Amino acid sequence: MSRNRLLVKNAKQVVLICNNGEKYLTRHGMNGLCVIENGSIVIGSDGLIKAVGPAETIRAQYSDASFERVIDAADMCVLPGLVDAHTHPVWAGDRVHEFAMKLAGASYMDVHRAGGGIHFTVEHTRAAAASDLLASLRSRLVRMQRAGTTLVECKSGYGLELHTEVKMLEVLEEARRSLPINISSTYCGAHAVPRGKTVTEATEDVLRVQLPHLKELMSAGKLRVDNIDVFCEQGVFDLDSTRSILQAGKDMGLNINFHGDELHPMKSAEMGAELGALAISHLEEITDAGIVAMAKAKTAAVLLPTTAYILRLPQPRTRDLLDSGVIVALGSDFNPNAYCCSMPIVMHLACVNMRMTMSEALAAATINAAFALGRSHTHGSLEVNKHGDLLLLSATRWEHLIYQLGGHQELIRYVVIKGNVV
Ligand code: NIG
Ligand code: FE
């Protein structure tokens, strides 16, 4: 019989998040996280969690000799690996020059309309070799991993035409095969209307050219795509085009997970809930009816504190969302506009600027983010049979992960994916 992969023993705290097979948590559960004081966790030879509990219980059942590796965590806390529910990590051409423009008062849409923003990145990404995109993606994913992310949603969307969108998705597929971090990949061919095209033409291209081709690649087993995304916004994709693209993606078996109600109230939340979306991101401009619809449909709200911060947007109505029973998740929104790879910083901003409690922020960055990606049966909490993805913090209380702003390399002592220290 092969040996168990990893024992982490005697940790000051083991934060399970939940322990009843919950697929998500709403406000009450988010504020009552399941924590074991002085606990241990066992990862089996298959990389899945085999046991977790008080240190003395685990000690009575498992001898150190039955493990490939034992970590004595007497001065550490154990948490689930973090889940980043929204990123755009495949691109060439940073936008450091636009940061100065925005600081000087230009809005996100001012820059976009002037041909910058997404258009700038599209131009550079179209011209980039797949090998260069892969190299930069790898280093970004490694940075995320060092900051504690073990499952990340990654979008295409800087091609806006078939060839480049497929190139981006193939690069993601290669990263999925070659790196330990778990990837949920999203087709976002409707991220902007390409220059020189109308919304109708762009929508037709997605519906008649891009999606059918993706479907062929997916059925042939050449590409795995998990989610479909559209940027539903004034001056980008309107509600009707968004709806038709999302429905077509759903018909192909993709999870609906899209950008909505960010800069203007678009009724994205109402429409997404009606289509059975798994998640909608941003939502700074959500309406009361949108909140009710999302709570009822169990559509997760993926809040992105870095974007509201960098663009100086009004904050989303986080307390209203939580009080109404919406499933709230968090994402870094890593992209050339919001250059942040760190979920601990995202959780810190969520607490200070969006008024979440630390427990809510951690649940939003673990079980609820996993739910937003359709992965909460395998990820997002430390429960038996889930993936052995965890963080070990050099701290006596888990809250240090959120309390400390930056410099997390010192704090996060080990990142473990499927029982392997990465
Ligand atoms: O989520 N809002 C649309 N998409 C991204 C930004 C992408 C970009 O500016 O390159 C977002 O913030
Ligand atoms: Fe985004």
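**Two domains and the core between them**

Colleague: How far apart do the centres of the two domains lie in this predicted model?

Modeller: The C-alpha centres of domain 1 and domain 2 lie 29 Å apart. Domain 1 covers 4-80 + 381-421, and domain 2 covers 82-372.

Colleague: What makes residues of domain 1 and domain 2 count as in contact?

Modeller: Their C-beta atoms must lie within 7 Å. By that rule, 26 residues of domain 1 are in contact with 28 residues of domain 2.

Colleague: Which element gives the most to the side of domain 1 that touches domain 2?

Modeller: That is β15, with 3 residues. Elements supplying at least two residues there include α1 (27-30) and α17 (400-403). By class, this side has 14 nonpolar, 7 polar and 5 charged residues.

Colleague: Why does the largest nonpolar core lie between the domains?

Modeller: Both domain 1 and domain 2 give residues to this core, so it lies between them. The core has 136 residues, and Val78 and Ala329 are among those with the most contacts inside it.

Colleague: What is Ala329 in contact with, leaving aside its neighbours within four places in sequence?

Modeller: Its partners include Ala85, Ala279, Val302, Asn368 and Phe371. Each pair has C-beta atoms within 7 Å, so each counts as a contact.

Colleague: And which residues come nearest to ligand 1?

Modeller: Of the 13 residues around ligand 1, the nearest are Ile118, Phe231, Thr307, Asn335 and Asn337. By class, this shell has 4 nonpolar, 7 polar and 2 charged residues.

Note on methods
Residues numbered from 1 in each chain as written. Chains lettered and ligands numbered in written order. Predicted model: local features only at pLDDT ≥ 70, side-chain atom pairs only at ≥ 80, totals over all residues. Near = placed C-beta within 6 Å. Nonpolar A, V, L, I, M, F, W, Y, C, P; charged D, E, K, R; others polar. Domains from an automatic or database assignment. Contact = placed C-beta atoms within 7 Å. Helix = DSSP H or I, 4+ residues; strand = E, 2+ residues; numbered from the N terminus. Core = buried A, V, L, I, M, F, W, Y, C linked by C-beta atoms within 7 Å. Buried ≥ 20, exposed ≤ 12 C-beta atoms within 10 Å, placed from the backbone.
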